Amino acid sequence: MPLDIRDITKTFGDTAVLNGVSLQARDGEFLALLGPSGSGKTTLLRVLAGLEQPDSGSVGFDGEDYLRQSPRARRAGFVFQHYALFRHMTVARNVAFGLNVRPRASRPSRVQIAARVEELLALVQLSGLEDRYPAQLSGGQRQRVALARALAIEPRILLLDEPFGALDARVRRDLRVWLRGVHDRTGVTTVFVTHDQEEALDLADRVAVLRDGVLEQVGDPQTLYDRPATAFVHDFLGPSVQLPAVVAGDRLTSEDWTTTAPHGTPDGPVLLCMRPADLRRAETGLAAKVMRVAPKPGFVRVTVRMAGRDIDIDCPAEEPLAALPTGASVRLAPNRFNLLPS
């Protein structure tokens, strides 16, 4: 694990922004830091970049003490949410900036810098735009220039702070695919901050979920979605229905529904966590009432009221649930669920 974060703590005033976070990243891995605002993800990224100093803890990279190194010595490429391009510089000069400001002894020649800029602009699909200024580019193009500039210094690690946050949804989707392709071609270890669950699950090899400065869970996207460790992770990663339940022996009971408890589940109170997409009409299940039926292109959205809350269930038109009228009583049972600490 080239990147080794151990027990990082950071406070601002009386607020603990990071509270003993430990996390590792593999060589060439794409790691996403995911969480709501105030979870500490951007502060952790700034610690890696050398823009913040933690109160305690350690960061190792390739066996070196990262916290003792200057930001320049770390060779970290940083991409900000709002690009931070130099407006008075052309695209080519923006990309070349990190190379041009190196000490003379380690600075490449002008010919080498020009070749590197040409190579990177081809990589980010901006060839031919070398002489344009940032104001003459679209938001997506400016973001690609920012990435090319970060890659120009041949970083050991690439740090991305919500790089698509200022873009519209369609451009963000297109750039996600493009960014993953760039990562696969360059092989640079990448740490990516986002609050967008879909973005993290689509892009990353592994996702670290943070809340209030604490690491809730880290794992590959499928594991996090299928086997969340906490109710917060289940809720944050997608539509979630959570009901109090009790396990007694081999029986699980929630509301007026009883079913077989998963083998090995200890007795006691739990949270029954389900995805709306996993709920099906059943003879025995949780009592619900159909509140609204709305045909959509390719599916039907059925809104049901269950345990005092409205839940949207998107299902195929041929699904029995989609044929029910508004006001109908129905019983729903999940075809899979998670039992998590209450």
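Trainee: Contact means heavy atoms within 4.5 Å. With that, which residues does leucine 147 touch, not counting residues up to four places away in sequence?

Mentor: This is a predicted model, to start with. In it, Leu147 touches Val79, Leu158, Leu160, Trp178, Leu179 and Val182, once residues up to four places away in sequence are left out.

Trainee: Where does leucine 147 lie? And is it buried or exposed?

Mentor: Leucine 147 is part of helix α5. Its relative accessibility is 3%, and buried means under 20%, so leucine 147 counts as buried.

Trainee: How far apart in space are leucine 147 and valine 293?

Mentor: They are 45 Å apart, C-alpha to C-alpha, with their positions 146 residues apart in sequence.

Trainee: Back to α5. How do the axes of α5 and α6 cross?

Mentor: Helix α6 covers residues 169-186, and its axis comes within 11 Å of the α5 axis at a crossing angle of roughly 20°. Angles under 35 degrees count as roughly parallel, which means α5 is roughly parallel to α6. The crossing of α5 past α6 is right-handed.

Trainee: Which residues make the contact?

Mentor: From α5 there are Gly140, Arg144, Leu147 and Leu151, and from α6 there are Val171, Leu175, Trp178, Leu179 and Val182. By class, these divide into seven nonpolar, one polar and one charged. Leu147 is in that group, and Trp178, Leu179 and Val182 are among the residues it touches.

Trainee: What about α3 and α5, at what angle do they cross?

Mentor: Roughly 30°, with the axes coming within 7 Å; α5 here is residues 139-152. That angle makes α3 roughly parallel to α5. The α3 and α5 crossing is right-handed.

Trainee: Which residues meet there?

Mentor: Val91, Asn94, Val95 and Leu99 in α3 meet Val145, Ala148, Arg149 and Ala152 in α5. Six of the residues in this contact are nonpolar, one is polar and one is charged.

Trainee: And α3 with α4, what angle and what axis distance?

Mentor: Helix α3, residues 91-100, packs against α4, residues 110-123, at about 125°, and the axes are 10 Å apart. 

Trainee: Why are α3 and α4 described as oblique?

Mentor: The 125° angle is outside every named range: under 35 is roughly parallel, 65 to 115 roughly perpendicular, over 145 roughly antiparallel, and the rest oblique. That is why α3 and α4 are oblique to each other. The α3 past α4 crossing is right-handed.

Trainee: Which side chains' owners make that contact?

Mentor: The residues are Val91, Ala92, Val95, Ala96, Leu99 and Asn100 of α3, with Ile113, Arg116, Val117, Leu120 and Leu121 of α4. By class there are nine nonpolar, one polar and one charged. Val91, Val95 and Leu99 of α3 appear in this list, and they also appear in the contact with α5.

Trainee: Leucine 137, where is that found?

Mentor: Leucine 137 is in the loop between α4 and α5. At a relative accessible area of 6% it is buried.

Trainee: What is leucine 137 in contact with, leaving aside neighbours within four places in sequence?

Mentor: Val91, Leu129, Arg132, Arg142 and Val145. Leucine 137 and valine 91 are 46 residues apart in sequence and 9.4 Å apart in space, C-alpha to C-alpha.

Trainee: New topic, backbone. What is the sign of phi at glutamine 125?

Mentor: Positive, about 60°, although glutamine 125 is not a glycine. Most residues other than glycine have a negative phi. Glutamine 125 is in the loop between α4 and α5, and at 54% relative accessibility it counts as exposed.

Trainee: And what is phi at aspartate 7?

Mentor: About 50°, again positive and again not a glycine. Aspartate 7 is in strand β1, residues 3-12. Its relative accessible area is 48%, which makes aspartate 7 partly exposed.

Trainee: Last one. How many disulfides does the structure hold?

Mentor: Zero. Among the cysteines, cysteine 273 has 0% relative accessibility and counts as buried. Cysteine 315, at 5%, counts as buried too.

Definitions and conventions:
Residues are numbered from 1 along each chain as its sequence is written. This is a predicted model: local features need pLDDT of at least 70, side-chain atom pairs count only at pLDDT 80 or more; totals for chains, interfaces and linings use all residues. Side-chain values use heavy atoms; hydrogens and water are left out. A disulfide is a pair of cysteine sulfur atoms within 2.5 Å. Buried means under 20% relative accessible area, exposed over 50%, partly exposed in between (1.4 Å probe, protein chains only). Axes are lines fitted to C-alpha atoms, for helices over the stretch in contact, and angles run from 0 to 180 degrees between N-to-C directions. Helices (H or I, at least four residues) and strands (E, at least two) are DSSP runs, numbered from the N terminus. A crossing is left-handed if the near helix is turned anticlockwise from the far one by less than a right angle, and right-handed if clockwise. Ala, Val, Leu, Ile, Met, Phe, Trp, Tyr, Cys and Pro count as nonpolar, Asp, Glu, Lys and Arg as charged, and the others, Gly among them, as polar.
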